Structure formats: C-alpha cells, structure tokens
Protein chains: 2
Amino acid sequence: MSSTEKPAHARARFRDGLVTPTAGWCDGYTQANLITVPRDLAWDFLLFAQRNPQPCPVLDVLDAGAVAGPLLDGDVRTDIPLYRVYLDGELAAETTDVREWWRDDLVSFLIGCSFTFERALGAAGVPVRHVEQGVNVPMYRTSRRCRSAGAVSGPLVVSMRPVPAALVDTAVAVTAAYPAVHGAPVHVGDPSELGITDLDTPDYGDAVRPEPGDVPVFWACGVTPQAAVVESRPPLAIAHAPGHMLITDARDEDYRLTV
Amino acid sequence: MSSTEKPAHARARFRDGLVTPTAGWCDGYTQANLITVPRDLAWDFLLFAQRNPQPCPVLDVLDAGAVAGPLLDGDVRTDIPLYRVYLDGELAAETTDVREWWRDDLVSFLIGCSFTFERALGAAGVPVRHVEQGVNVPMYRTSRRCRSAGAVSGPLVVSMRPVPAALVDTAVAVTAAYPAVHGAPVHVGDPSELGITDLDTPDYGDAVRPEPGDVPVFWACGVTPQAAVVESRPPLAIAHAPGHMLITDARDEDYRLTV
C-alpha cells in the first residue's frame, strides 16, 4: 500500500508488473472498475449500467478503441495491477497486460468504486478492516437481481465492511454523500437477507476478520458487470481483477455531494 | 394548471388534446423531457447524456419500440401535451400525437426536468415567477459547449428563473439536492457570461417578468438534447415541445438526496 503516491506513479508501477489490491492506495484519488466489451454489445452494457446506477455508476465511457480519456492519462490495457479476460462468459485469463486481447472495437466503461470513499470513512473515525488487515475487500454475489438490459442480466454483487455497531450510522451518512461511487449501503446486518450463506467464503477478494461488536455492512459493488458477463456470455469482455482497480486522476471530492 | 391532479389523469387530458405547459402541474410528481431517436443513433445519444449529466440526467431509457416503462403507465406517443418532430435536424411538425411518426426501432430517453424541484423551491419560500405569471419557463441556448459523443454535439441549454437576491442561496441549496433533475444552477447573475444577449427573447418558452430585486438564475435544461438534434441532424428525432413535459408516476422525493 502506498497511500501518498500519485496516480500516474502508481499506474507506472502496475504497468511494470506490480500486482496488488489497490485499497488504501493514492489517498484522495478516485478508483474505478473497468468493464470492456465489443462495440456491438456496448449499448446493452451502458443501458444495464444506467438501469442499475447503484452497482454500476458510470464515471466515464471511452470511445471505441480508446485506451485513455479525461479521467486517466495512461493506458487502460496496462495500468491496472491485474485483469480478468472472459471469453463467452468463462474466465480465460488473469493477466497484468491485456494488449494481446485488444481490438479497435472495444468500448471501456469506468465504473465507480467504493474504495473511493474509504478515506472519508477513516476520516470520520470508521475503521476499514480490510485495509487494517492488509487484505482485499470481500465481495459476494447476492440473490438480488439487477434490472436487465437487452442481452445483459445478472445478480447484484456487494462488497462488505465490518463496522462497529455504534458507527454504522456514521458509515451510512458518510457514504451516502458519494452516490457516484455506490453511495449508501444496500444492506446492514443479516447476510442471509442478500442470499449470502457464509461471509468467510467471499466470491471475490478475501475474507476479512470482524472485530467484536462489528456489524457487516454491504455496499453495491462494481464487480456487478463481471457477474453479468458470466451470466450473459459475451464473446469477449475485459475487466479488472476484483479489488485491483484503475486509479484515476480524478479526486474523491469531485464525487462528494454537499447538499 | 392543476397542481393536485394525478399524473394518469393529467396524461389522459393531454392524450385527449389539451395543450399547455406543465409547470405547476401534479405537485409532487416528477416531470421529464423526452428525446426519441432511432436505435442506431441511440448509443451516441446515451453517451452524450452520460457525458453531460447536468443538462441530460437520464431517468430512464425505454427499450427500442417501447412506448411505456417503469416511470409511466401510459404511452409516450400521446401523453405529452405537445411534441416536436425533427427531420434531419429541422423542425418538421409540432403536434399533440406522434403515432404517425412512430417506428419500432425508436428508443426513448426520459431526461430529468427542473419543474420537478419547483414545488421544493416554493416550499422554501422561493417564488417561481413563470408559475406566478402563468407562462412557460424561458430557456436559452448558451455559448457553453457540451462534451460531444460520436455524431452528437451541441450547446448547453439553460432555463432561467428570476430569484430575489436574498433567496439565491436558498434556491441553490434546495436545487442542489436534486441532481437527477439538473441540480444546482450552472450560473447566477450575468446572462452574458453564458452568451445570452437578451433575456426578453428566449430561444424556447416565454419571457418572464422579473420583480424588483430579482437576480436571473440559470439551470441546465433538458432541452439540451433538442439543440443537439438541430446541430447533429439525425434523420428523425421526436421530443416534447419545450415546457410541455411528460408527467411521470415517479415522486419528486425519489430524486431528492438527503446527505
């Protein structure tokens, strides 16, 4: 973890091969999920995101074939620590560089990530357990369905942070101010309400150890498009490996509402 | 004006031929701009909206050919008081019924409208002059450019409300809580900053008479996609006539943030 690093420097290290989850990196800068699909599927994916804004808040969409944009002066094919490549909905590769899979008709969506509000949580006195423990955030597929769009459908994916019971209200209030990076929690408390049977076996990321008195708090997660890829089986999709995010040049505060 | 009317009843009256601006109608219900384009242009329009969220906050996108959706139990082809039909970017018809222009490949976007927050302005003590005066809100093309998307480009369009100087802060705070219906003003004060030369000759809607001590306050406007249609010249586009909105079944409060 390198909390004071600048995004361009962090991206250069990832481009050079460093593989790490990015929670806690580059304090103050917005982190993003990546989902890249061929142009002829991009409409359905953008509509899916539009219809499911809590898990899929779109920060930017790059033009077909473009590898950079206003949010990053870099290359989305190399600047993420770890990628997942899906063929027909099956995980085909986990790799640090997707240039060999690139095509000029690929459209990249940058989707908000809840790592963005973790600094604000910390500043409000809410401990962030996975950062304390140096592990990836745990993520789970839920029994809640997203609203589908054309060929794209799938379940809601959530991230989970154990929060001391007395600080749950604070965590809700702090994160509600960041709707572009998933906003307020979708659920507090009972994992079975979301169809999650065992918090110790997340579908993505690492299990995190709650402290005594912690309550599990669930936020919508930008891995949701990857679950939709698995279900909808497009011929090709490229995404970040869960927890291994694109660190953008945008600032956290750009996505904080003050009303 | 019928402030206590239910949306379904208001839509039935419009379907039967009543033509009127909708400011002040159906208190508590969300009003929407309509922009409808052929499927093969829908990607560029959705991306344009995504890239310009203040003038083009997307409330919903209907599937190709669909005339109703979760936000309205009705028919977008007949339930708006007045429509504009554009052919190659030229205004070809102003009509109360667009069924004769309808095609199964048409995709309709419902875009947030600032009429939605006018009840909240009134409740906060901010007078809404065009409603007081029984005229349509004045709207202006500005010298500010939207971020373009593919074939779609155009200027920012704004609506203007004269607000007593002492209440401008209140108007800003109230409307900032409604980002899905344009949110806070884009400008307060000097019209020339937006390239507007004469407030008395709006590009859309009616001139409104300021009271002594009023300051002009400008909000991003959902007529922006129509200005983009004029500039980008798609073969066919259907829209509401400015100020003559789709009254949806959604509630204002659904779009108010409380953070």
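## Pocket, domains and chain contact

Reader: How much area is buried between chain A and chain B, and what share do carbon and sulfur atoms give?

Author: This is a predicted model. In it, 21 residues of chain A are in contact with 22 residues of chain B. The area buried between the two chains is about 1900 Å². Of that area, the share from carbon and sulfur atoms is 60%.

Reader: How many salt bridges does the rule find across the interface of chain A and chain B?

Author: One pair across the chains is B:Arg147 with A:Asp60, at 3.0 Å from N to O. A salt bridge needs a Lys or Arg side-chain nitrogen within 4 Å of a carboxyl oxygen of Asp or Glu, so this pair counts. For the whole interface of chain A and chain B, the rule finds four.

Reader: Which residue forms a salt bridge with A:Arg145?

Author: Start with the domains of chain A. Domain 1 covers 7-114 + 230-253, and domain 2 covers 123-220. Across their interface the rule finds one salt bridge. A:Arg145 has its closest N and O atoms 2.6 Å from those of its partner, A:Glu231.

Reader: What area is buried between domain 1 of chain A and domain 2 of chain A?

Author: The C-alpha centres of the two domains lie 21 Å apart. Their contact takes 24 residues from domain 1 and 28 residues from domain 2. Carbon and sulfur atoms give 58% of the buried area, which totals about 2100 Å².

Reader: Which element gives the largest share of the lining of the largest pocket?

Author: The largest pocket has a volume of about 1800 Å³. Helix H2 (39-51) and strand S2 (58-61) of chain A, with helix H2 (39-51) and strand S2 (58-61) of chain B, each give two or more residues to its lining. The largest share is four residues, and they come from H2(A).

Reader: How many residues of the lining of the largest pocket are nonpolar?

Author: The lining holds 48 residues. Among those nearest the pocket centre are A:Pro53, A:Pro179 and B:Pro179. Polar residues number 10, charged residues 10, and nonpolar residues 28.

Conventions. Residues are numbered from 1 along each chain as its sequence is written. Chains are lettered from A and ligands numbered from 1 in the order in which they are written. This is a predicted model: local features need pLDDT of at least 70, side-chain atom pairs count only at pLDDT 80 or more; totals for chains, interfaces and linings use all residues. Side-chain values use heavy atoms; hydrogens and water are left out. On a 1 Å grid over the protein atoms alone, a cavity is a set of points where a 1.4 Å probe fits but cannot get out, and a pocket is an open set with protein on both sides within 12 Å along at least five of seven lines; lining residues have an atom within 4 Å of a point. Grid points are joined across faces, edges and corners, and a volume is the space filled by probe spheres set on the points. Ala, Val, Leu, Ile, Met, Phe, Trp, Tyr, Cys and Pro count as nonpolar, Asp, Glu, Lys and Arg as charged, and the others, Gly among them, as polar. Domain bounds come from an automatic or database domain assignment. Contact means heavy atoms within 4.5 Å. Buried area is the accessible area (1.4 Å probe) that two parts lose on being put together, summed over both.
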